[in-house]
Each structure stands twice: as C-alpha cells, then as structure tokens.
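User: I have a model open on my screen and I'd like to learn how to read it. Could you walk me through some features, general idea before the details?

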Amino acid sequence: MHGTGDDDFTDFVLEHRAALLRTACLLTADRGLGEDLVQVALLRSYSRWDRVRAADDPLAYVHRVMVNAHLSWRRRLSSTERPVDTVPDAGGGDPQAGHAVTEDVRRALQRLSPRVRTALVLRYFADHSEAETARLMGCSVSTVGNHVRKGLAVLRTVLAAGEETAPPRRTR
C-alpha cells in the first residue's frame with residue numbers, strides 16, 4: 001500500500017509490531033524494556049522514515065536501529081547498574097505450563113553477554129542470515145559465528161542442567 005509517509009509508517013508498524021516486540025523482549029530479556037526498546041526504535045525510524053522506506057529491507061533497518069539502541073543502553077548501564085537474579089516481592093512463576101520452556105530460554109539468554117544474546121536473537125528468533133546478522137550488528141560474519149557458537153554452547157549447558165535458579169553468568 002502506498003500512501004503518505006505517515007500512512008506507510010502506520011502500515012509498517014501494524015504489520016511488524018509483534019515481530020519487533022518479540023525481538024526486543026528477547027534482546028532485553030524483559031517485556032517492559034522490550035516495549036521501551038521498540039518505542040525508541042520506532043521513534044528513531046519515524047524521524048528518518050523516507051530513508052527507512054527507501055531501504056532494501058525496512059524491517060532489517062529498524063532491527064538495526066533497535067540493536068544499536070539496545071547495545072548503547074547496555075554499555076551505558078553496565079557501568080552504573082547491576083542486574084539481580086530475582087526482584088524482591090516478585091510474583092510467582094508463569095502459571096501456564098506452555099510458557100515454562102519460553103521462560104527457561106529467556107532466563108538462559110540472560111546469562112549471555114549482550115552481543116552474544118543479540119547474535120542469537122537476530123540469527124534464530126528474528127530469522128536473519130549470518131551475513132544479515134553481521135550487518136545489523138556492525139561486525140564480521142565470523143564474529144557472528146563465534147558469538148552464535150559460544151551462545152548455543154552456554155544455552156545447551158544451562159538448559160540441559162536446568163540451572164534456571166542459579167545466578168546469571170555472563171559470557172564474553
């Protein structure tokens with residue numbers, strides 16, 4: 001559908017919001033932060049919508065904006081805030097058994113460094129190729145491959161051992 005820039009942007013958001021939110025939640029390992037990250041990415045993309053719309057793959061462009069914002073947040077917060085394993089007075093676990101695996105994967109992803117987690121999320125959850133993931137992350141294909149191999153090894157170990165209650169151990 002071709003219309004005004006605002007109409008095109010609205011159509012884009014309606015078509016891709018679920019996928020963007022899923023990717024953002026996996027990148028941040030938190031639904032609230034994921035929603036914030038999508039908002040930041042869409043705000044930045046809207047201000048450059050003519051350029052985004054003209055890109056070969058507007059969704060990949062917005063993914064790149066989201067990845068850059070996420071990694072920027074992580075760099076800034078890494079020196080001032082420390083994540084905790086559990087939040088005091090937090091509610092119980094997810095009552096739906098069907099979501100247990102998703103929660104285990106989310107917790108396992110939290111154990112990874114932001115760049116390793118980003119590589120896995122873009123590669124396997126957002127279904128980008130290694131080359132596209134490298135382009136979105138601003139690194140080489142071999143770096144993506146190394147991040148993915150390292151991340152998958154940690155995920156296999158953590159998920160096989162059922163270590164969801166252990167404190168997060170970050171990979172580099």
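User: Let's pick a residue to start with: how buried or exposed is Ala-29?

Analyst: Keep in mind that this is a predicted model. The cut-off for buried is under 20% relative accessible area. Ala-29 has a relative accessible area of 10%, so it is buried. You'll find Ala-29 in the loop between helix 1 and helix 2.

User: What about the phi of Ala-29?

Analyst: General idea: most residues other than glycine have a negative phi. Ala-29 is not a glycine, yet its phi is positive, near 60°.

User: And what does Asp-127 show for its phi?

Analyst: Asp-127 isn't a glycine either, and it has a positive phi of about 60°. Asp-127 lies in a loop too, the one between helix 6 (114-125) and helix 7 (130-137). With a relative accessible area of 64%, Asp-127 is exposed. For a glycine, look just after helix 8: Gly-162 takes a positive phi of about 60°.

User: Let me zoom out. How many helices and strands are there in the chain?

Analyst: The chain has 8 helices and 0 strands. Read from the N terminus on, the elements go α-α-α-α-α-α-α-α. Of the 172 residues in the chain, 36% are buried. The accessible surface comes to about 10200 Å², and 53% of that belongs to carbon and sulfur atoms.

User: What share of contacts joins residues at least 24 apart?

Analyst: Take the contacts between residues at least 6 apart in sequence: 67% of them join residues at least 24 apart.

User: How do I check the length of a helix, say helix 8?

Analyst: Set the expected span beside the distance between the end C-alpha atoms. Helix 8 (residues 141-161) has 21 residues, so at 1.5 Å a residue it should span 30 Å, and its end C-alpha atoms are indeed 30 Å apart. The buried residues in helix 8 include Val-144, His-147, Gly-151, Leu-155 and Val-158.

User: Now aromatics. How do I describe a ring pair?

Analyst: You give the distance of the centres and the angle of the planes. In this model the count comes to 3 aromatic pairs. Take Phe-9 and Tyr-46: their ring centres are 4.9 Å apart and their planes are at 65°, so the pair is edge-to-face. That pair links distant parts of the chain, with Phe-9 in helix 1 (residues 5-28) and Tyr-46 in helix 2 (residues 31-47), 37 residues apart.

User: Are those two residues buried or exposed?

Analyst: Phe-9 is buried, at a relative accessible area of 12%. Tyr-46 is partly exposed, at 40%.

User: Which other ring pairs with Phe-9?

Analyst: Trp-49 does. The ring centres of Phe-9 and Trp-49 are 5.1 Å apart with planes at 85°, so this pair is edge-to-face. Phe-9 lies in helix 1 and Trp-49 in helix 3 (residues 49-54), so the pair ties together parts that are 40 residues apart in sequence. Phe-9 and Trp-49 are both buried. Ring pairs link Phe-9, Phe-12, Tyr-46 and Trp-49 into a cluster.

User: Where does a charge sit over a ring?

Analyst: Look at Arg-123: its charged end sits over the ring of Tyr-124, 5.4 Å from the ring centre.

User: What is Ser-45 in contact with?

Analyst: It helps to set aside sequence neighbours within four places. Ser-45 then has contacts with Phe-9, Val-52, Val-62 and Val-65. Ser-45 lies in helix 2, and it is buried, with a relative accessible area of 1%.

User: And what does Arg-64 touch?

Analyst: Leaving out residues up to four places away in sequence, Arg-64 touches Arg-135, Leu-136, Met-137 and Gly-138. Arg-64 is in helix 4 (residues 58-78) and is partly exposed, with a relative accessible area of 27%. C-alpha to C-alpha, Arg-64 and Ala-41 are 8.7 Å apart in space, while in sequence they are 23 residues apart.

User: Last one, for my gels: how many disulfides does the structure hold?

Analyst: It holds 0 disulfides. As for cysteines, Cys-25 counts as buried at 9% relative accessibility, and Cys-139 counts as partly exposed at 22%.

Technical notes. Residues numbered from 1 in each chain as written. Predicted model: local features only at pLDDT ≥ 70, side-chain atom pairs only at ≥ 80, totals over all residues. Heavy atoms only, no water. Phe/Tyr/Trp six-rings, centres within 6.5 Å; stacked < 30°, edge-to-face > 60°. Helix = DSSP H or I, 4+ residues; strand = E, 2+ residues; numbered from the N terminus. Buried < 20%, exposed > 50% of the residue type's maximum accessible area, 1.4 Å probe, protein only. Lys NZ or Arg CZ within 6 Å of the ring centre and 35° of its normal. Expected span 1.5 Å × (residues − 1). Contact = heavy atoms within 4.5 Å. Disulfide = S-S within 2.5 Å. Areas by Shrake-Rupley, 256 points an atom, 1.4 Å probe, with all protein chains shown as cover.
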